[in-house]
Amino acid sequence: MFFKINGVDMSRYIASETITHNPVWSTNAGRTLSGNFVGDIVTRKWKLVLTTKPMNQKESAAFTKVIESSTFFNVQFINPNSEDGRLESITVYSDEPSWEIYSYVIDNARYKSISVSFVEQ
């Protein structure tokens, strides 16, 4: 697994990554009265959904500090469309992270995972 945020290697935290390449449709896209879909794909934008490995409190804080450090940031990942495993570098924003709690003891919290999505700007 390879994943960087603003040049910081986050690969060690990542358990799984799902990548989609979503179409952005023209403004005239939609269904006609006969029910047929019409429109043109203007471009495609990347969406990356990450789930982390289990983390302790310090690791969770370090991970979320990086993803909440700014509104837009740069990520690098391996492009699944490339034959040679080329790195893709894009500007993204993220949704809110969600923490799956394993145990919640003050000063010693443990998390099963953190899930977060990144969407290309």
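In the predicted model, Phe 63 is in contact with Met 10, Tyr 13, Ile 14, Thr 52, Met 55, Ile 114 and Val 116, neighbours within four places in sequence being left aside. Phe 63 also belongs to the largest nonpolar core, a set of 20 residues, where it ranks among those with the most contacts inside the core, together with Phe 3, Ile 5, Val 75 and Phe 118. At least two residues of this core are contributed by each of the following elements: helix H1 (57-67) and strands E1 (3-5), E6 (41-52), E8 (73-78), E9 (87-94) and E11 (110-120).

The secondary structure of the chain consists of one helix and 11 strands. Along the sequence, these elements occur in the order β-β-β-β-β-β-β-α-β-β-β-β. The chain is more spread out than a compact globule, because its radius of gyration of 18 Å is well over the 14 Å that the globule rule gives for 121 residues. Along the principal axes, the C-alpha atoms fill a box of roughly 60 × 35 × 25 Å.

Among contacts in the chain with a separation of 6 or more, 58% are accounted for by residues 24 or more positions apart. Of the 121 residues, 30% are buried. The area exposed by the chain is about 7700 Å², of which carbon and sulfur atoms supply 50%. With regard to charge, the chain carries 12 positive and 13 negative charges, and the mean positions of the two sets are 3 Å apart.

Notes:
Residues numbered from 1 in each chain as written. Predicted model: local features only at pLDDT ≥ 70, side-chain atom pairs only at ≥ 80, totals over all residues. Heavy atoms only, no water. Helix = DSSP H or I, 4+ residues; strand = E, 2+ residues; numbered from the N terminus. Rg over C-alpha atoms; globule rule 2.2 N^0.38 Å. Buried < 20%, exposed > 50% of the residue type's maximum accessible area, 1.4 Å probe, protein only. Contact = heavy atoms within 4.5 Å. Areas by Shrake-Rupley, 256 points an atom, 1.4 Å probe, with all protein chains shown as cover. Lys, Arg positive; Asp, Glu negative; His and termini not counted. Charge placed at Lys NZ, Arg CZ, Asp CG, Glu CD. Core = buried A, V, L, I, M, F, W, Y, C linked by side-chain atoms within 4.5 Å.
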